[in-house]
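Trainee: Could you take me through one part of this model in close detail? I would like to see how a single residue sits among its surroundings.

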Amino acid sequence: MRRAAFAVAASAMAVSLAACGSAKESGGGSSESSAKKGDNIKVGLLLPENQTARYEKFDKPLIEKKIKELTNDKATLVYANAKQDASLQAQQVDTMVTQKVDVLIVDAVDSAAIKNSVQKAKDAGIPVVAYDRLAQGPIDAYTSFDNVTVGKTQGEALLKALGSKAKSGKIVMMNGSSTDPNAAQFKQGALDVLQGKVNIGKSYDTKDWKPENANANMEAAISAIGKKNLIGVYSANDGMAGGIITALKAAGISNIPVTGQDAELAGVQRIVAGTQYMSVYKPYAPEADAAAEMAVDLAQGKSLDSVAKDKVDSPTTKQIPSVLVPVQSLTKDNINDTVIKDGVYTVADICTAQYKAACDKIGLK
């Protein structure tokens with residue numbers, strides 16, 4: 001489970017990139033069999049869905065911009081969006097294998113279901129970079145945010161908001177899709193913080209991360225728990241937070257903290273208005289840059305040793321060269337110092353007529 005022209009201060013968390021070894025099922029890395037290539041490479045980019053604002057608005061243009069920059073504008077980007085359909089994404093991989101792309105960047109709809117497709121690419125001599133979600137199969141590199149830390153950040157914010165009332169009622173946990181490995185890590189991080197300190201009344205794995213599914217789950221939770229007993233909601237992202245808050249309003253519930261993630265514009269505006277307590281700000285430029293640089297290096301037969309300082313294990317592949325990008329809690333107190341400072345939004349983007357009074361109240365001008 002994102003924003004305008006993105007001038008994130010990548011210098012603050014610059015990802016240095018260059019060299020690595022061979023790709024084996026046990027270790028990841030680049031393909032030794034790949035012939036050395038110049039800048040005229042073909043990069044396949046597969047993103048999972050278009051319901052969440054980030055993918056079309058940020059990830060795709062940021063990755064494309066960086067690839068062009070790294071290859072003197074000579075690389076070709078072949079792009080497809082799976083629209084939350086794992087079968088469609090498998091067909092898209094097949095198409096890109098047929099088109100003989102030099103490298104694939106894949107953000108999997110379903111991390112397990114894509115395993116065979118990753119193997120097909122590998123068999124065709126095409127290295128694969130797992131982007132944002134840790135796909136199964138013999139992937140060569142991975143970049144994402146520290147997802148357990150994301151969940152911990154959300155959990156810590158919710159505890160702070162609840163304060164001394166943390167055990168006075170029940171919270172609802174609205175987790176992400178069960179097919180997304182990131183969702184499990186967000187949940188793990190949140191539970192590491194929350195377990196034993198709050199009473200969890202209901203917990204849901206929300207199908208496809210869809211706000212309407214979160215809305216239906218929230219309605220069921222309110223009915224089961226009782227609105228007088230509900231004191232807070234852990235929401236794994238901003239899109240679902242929107243659906244949750246709609247259900248809360250319909251039930252006449254207000255002034256309870258709701259978490260989020262992604263710093264979507266609507267989420268930031270809800271934070272300004274006070275209906276959402278926080279979001280997790282994830283600067284996409286460093287993540288996109290890392291994916292682009294690893295992809296170009298792999299396509300050109302270079303290694304990743306100076307790029308990927310981390311190693312991550314998937315259920316199928318061990319010690320995958322990885323770049324993990326830090327995150328930050330976003331509340332009404334640091335909007336200026338995060339999304340506005342980094343050029344994600346302007347004050348005018350956030351403080352439309354509907355939110356002007358709320359913006360003035362918190363000094364956002």
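Mentor: Happy to; here is a close look at Asn147, followed by a strand pairing story. This is a predicted model, in which local features need pLDDT of at least 70 and side-chain atom pairs count only at pLDDT 80 or more, while totals for chains, interfaces and linings use all residues. Residues are numbered from 1 along each chain as its sequence is written, and side-chain values use heavy atoms, with hydrogens and water left out.

Asn147 belongs to helix α4, residues 147-162 (a DSSP run of H or I, at least four residues; strands are runs of E, at least two, and both are numbered from the N terminus). With a relative accessible area of 3%, Asn147 is buried (under 20%, using a 1.4 Å probe and protein chains only). Setting aside neighbours within four places in sequence, Asn147 is in contact with Asp132, Tyr142, Asn182, Gln185 and Phe186 (heavy atoms within 4.5 Å). With Gln185 there is also a side chain to side chain polar contact at 2.8 Å (N or O atoms within 3.5 Å, one able to donate a hydrogen and the other to accept it; residues adjacent in sequence count only if both atoms are side-chain atoms). Lys187, 40 residues away in sequence, has its C-alpha 9.1 Å from that of Asn147.

Now the strands. β5 (residues 141-145) pairs with β11 in the parallel sense over four bridges (pairing takes at least two DSSP bridges), and Phe145 stands opposite Val325. β10 (residues 310-312) pairs with β11 in the antiparallel sense over three bridges, where Val312 has Ile320 as bridge partner. Five of the six residues of β11 (residues 320-325) are buried, so this strand is largely enclosed by the rest of the structure.

Key
Buried means under 20% relative accessible area, exposed over 50%, partly exposed in between (1.4 Å probe, protein chains only).
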